[in-house]
Amino acid sequence: LAAAGWESAVAVEGDPVAGADLVRNAERFGDRVKAIRRRVEKYLASLRKDDVSSATVVVDPPRTGISKDAIGHLIRLRPSRIVYISCDVATLARDTRALYEGGYGLADLGGIDLFPNTAHVESIAVLTR
């Protein structure tokens, strides 16, 4: 994290198994990473604009994409940048459209072939206000 220029990060995971992995993986970063085991929608609902207005929010939702509630909270919170990692181009397109309508523009888009010799490609979209 320090190499990326980040002083601290918050990681949120609602799935119980993945949440346990998150806590274990975050331990090595000490106070620089705060691991929160809670539904993303509930966590976002608890935040104020001032909490994230200058932040970069990284989302890596399941194939079903970001929930409507979570997108609504992101638009309300207005982080300066959203980095969206997606394993499904259809939900990426749907969610990017909703974020576009909420005031975000697509600044960059790319793909990474993490699973060679398969049809699966991870997409990364960077959206800014």
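**Exercise 1.** Which residues gather in a patch of positive charge on the surface?

*Solution.* The model is predicted. The patch of positive charge consists of Lys49, Arg76, Arg78 and Arg129. To place one of these residues, take Arg78: arginine 78 sits in the loop that joins helix H4 (68-77) to strand S4 (81-86). Its relative accessible area is 38%, so arginine 78 is partly exposed. A patch residue needs over 30% relative accessible area, and the 38% of arginine 78 fits that condition.

**Exercise 2.** Decide whether serine 86 is buried or exposed, and find the partner of its side chain.

*Solution.* Start with the location: serine 86 belongs to strand S4. Next, compare its accessibility with the cut-off: buried means under 20% relative accessible area. Serine 86 has 2%, so serine 86 is buried. Last, look for the partner: a polar atom of the serine 86 side chain lies 2.8 Å from the backbone oxygen of aspartate 88.

**Exercise 3.** Determine the class of glutamate 41 by accessibility, and name the side chain with which glutamate 41 makes a polar contact.

*Solution.* Glutamate 41 is located in helix H2 (residues 40-45). Its relative accessibility is 16%, and therefore glutamate 41 counts as buried. The polar contact of its side chain is with the side chain of serine 67, at 2.6 Å.

**Exercise 4.** Identify the residues that make a nonpolar surface patch of about 280 Å², and place isoleucine 112.

*Solution.* The nonpolar patch is made by Ile112, Leu114 and Phe115. Of these, isoleucine 112 is in strand S5 (residues 105-112). With a relative accessible area of 38%, isoleucine 112 is partly exposed.

Technical notes
Residues are numbered from 1 along each chain as its sequence is written. This is a predicted model: local features need pLDDT of at least 70, side-chain atom pairs count only at pLDDT 80 or more; totals for chains, interfaces and linings use all residues. Side-chain values use heavy atoms; hydrogens and water are left out. Patches are made of residues with over 30% relative accessible area and no salt bridge: like charges are joined within 9 Å, nonpolar side chains (Val, Leu, Ile, Met, Phe, Trp, Tyr) within 5 Å. Accessible areas come from the Shrake-Rupley method with a 1.4 Å probe; for residues, only the protein chains shown count as cover. A salt bridge is a side-chain nitrogen of Lys or Arg within 4 Å of a carboxyl oxygen of Asp or Glu. Lys and Arg count as positive and Asp and Glu as negative; His and the chain ends are not counted. The place of a charge is taken as NZ of Lys, CZ of Arg, CG of Asp or CD of Glu. Helices (H or I, at least four residues) and strands (E, at least two) are DSSP runs, numbered from the N terminus. Buried means under 20% relative accessible area, exposed over 50%, partly exposed in between (1.4 Å probe, protein chains only). A polar contact is a pair of N or O atoms within 3.5 Å; within protein, one must be able to donate a hydrogen and the other to accept it, and residues adjacent in sequence count only if both atoms are side-chain atoms.
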